[in-house]
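Work through the exercises below with the sequence and the model open. Try each task before reading its solution.

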Amino acid sequence: MALQHRVFVYGTLKRGQPNQEFMAAAAHGRGRFLCEGHTKEQYPLVIAGRFNAPFCINKRGHGKHIKGELWEVDDERLRHLDLLEDVPKFYQRHSRVICLEDGREVEAHVYQLTSYKESLLELPSMDEYDSGGAHNLPFSPPSKMTPEHLRLKYEVLRTTDHLAGTEVDPTQP
């Protein structure tokens, strides 16, 4: 099957990050890394929840230009990414303009939170995610994330905001 979908990843699915195996594994469709880039528009990219998960919030014009990776994937891999990201219940897949290193701009799918508590916007926003970054908030899922455990994705339906210590349900405004 042809690699016909562009997907921009900015968090744990990037190369060198905790869930990188999902993008490289042949088990659930095909995909290949194209290049690095960043979002043309600014969006908040925050770390939240008890598992220190990265979230790109669909609030255009806030936050920063997010750096990440552009991939091409086939229909099967896109379907499994939708399962991993729990579309449409948790994340939504949006078409966004990505600026490439060579100056070109392309459209790609980006997984973003659309329904969220406003308190997430009070968290520090970053332009690039690295689980081992200076923020000292490494991603720590309850168990090793594999395509076979898609339903375990972050388990943030009821989670604790690491800064304020208050309950955060990112799926609810």
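**Exercise 1. Place Asn-52 and describe its surroundings.**

Solution.
- Step 1, location. Asn-52 sits in the loop between β3 (45–48) and β4 (53–56). Strands here are DSSP runs of E with at least two residues, and helices are runs of H or I with at least four, both numbered from the N terminus.
- Step 2, the source. The model is predicted: local features need pLDDT of at least 70, side-chain atom pairs count only at pLDDT 80 or more, and totals for chains, interfaces and linings use all residues. Residues are numbered from 1 along each chain as its sequence is written, and side-chain values use heavy atoms, with hydrogens and water left out.
- Step 3, burial. Asn-52 has a relative accessible area of 11%, so Asn-52 is buried. The cut-offs: buried is under 20% relative accessible area, exposed is over 50%, and partly exposed is in between (1.4 Å probe, protein chains only).
- Step 4, contacts. Contact means heavy atoms within 4.5 Å. Leaving aside neighbours within four places in sequence, Asn-52 contacts Ile-47, Tyr-129, Leu-137, Pro-138, Phe-139 and Ser-140.
- Step 5, Pro-138. Asn-52 and Pro-138 are 86 residues apart along the chain, yet their C-alpha atoms are separated by 6.3 Å. A polar atom of the Asn-52 side chain lies 3.0 Å from the backbone oxygen of Pro-138.

**Exercise 2. Analyse the hairpin that holds this loop.**

Solution.
- Step 1, pairing. β3 and β4 run antiparallel and share four bridges. Two strands pair if DSSP finds at least two bridges between them.
- Step 2, one bridge. Ala-48 has Ala-53 in β4 as its bridge partner.
- Step 3, the turn. Four residues lie between the strands, and Gly-49 takes a positive phi near 85°.
- Step 4, the faces. In a regular strand the side chains alternate between the two faces of the sheet. In β3, Leu-45 and Ile-47 are on one side, Val-46 and Ala-48 on the other, and all are buried.

**Exercise 3. Which residues form one aromatic cluster with Phe-55?**

Solution.
- Step 1, the count. The structure holds four aromatic pairs. Rings of Phe, Tyr and Trp (its six-membered ring) pair if their centres lie within 6.5 Å; planes under 30 degrees apart are stacked, over 60 edge-to-face, and the rest tilted.
- Step 2, a tilted pair. Phe-55 and Phe-90 lie 6.1 Å centre to centre, with 55° between the planes. The two are 35 residues apart: Phe-55 is in strand β4, and Phe-90 is in the loop between α2 (75–84) and β6 (91–100).
- Step 3, an edge-to-face pair. The ring centres of Phe-90 and Tyr-91 are 5.0 Å apart and their planes stand at 80°, so this pair is edge-to-face.
- Step 4, burial. Phe-55 and Phe-90 are both buried. Phe-90 has a relative accessible area of 5%, and Tyr-91 is buried at 1%.
- Step 5, result. Phe-55, Phe-90 and Tyr-91 make up one aromatic cluster.

**Exercise 4. Find arginines that lie over aromatic faces.**

Solution.
- Step 1, criterion. A charge sits over a ring if NZ of Lys or CZ of Arg is within 6 Å of the ring centre and within 35 degrees of the ring normal.
- Step 2, hits. Arg-15 lies over the face of Phe-33, 3.6 Å from the ring centre. Arg-77 lies over the face of Phe-22, at 5.8 Å.

**Exercise 5. Is His-5 buried or exposed, and what does His-5 touch?**

Solution.
- Step 1, location. His-5 lies in strand β1 (residues 5–9).
- Step 2, burial. Relative accessibility is 17%, so His-5 counts as buried.
- Step 3, contacts. Not counting residues up to four places away in sequence, His-5 touches Trp-71, Glu-72, Val-73, Asp-74, Asp-75, Leu-78 and His-109.

**Exercise 6. Trace the pairing of β2 and the overall fold pattern.**

Solution.
- Step 1, β5. Strand β2 (residues 31–43) pairs antiparallel with strand β5 (residues 64–73) over nine bridges. Gly-31 stands opposite Val-73 in β5.
- Step 2, β6. β2 also pairs antiparallel with β6, over three bridges. Here His-38 stands opposite Cys-99.
- Step 3, the chain. The protein has two helices and nine strands, in the order β-α-β-β-β-β-α-β-β-β-β.
- Step 4, totals. Of the 173 residues, 49% count as buried. Among contacts between residues at least 6 apart in sequence, 71% join residues at least 24 apart.

Note on methods: Polar contact = N/O pair within 3.5 Å; in protein donor to acceptor, adjacent residues only side chain to side chain.
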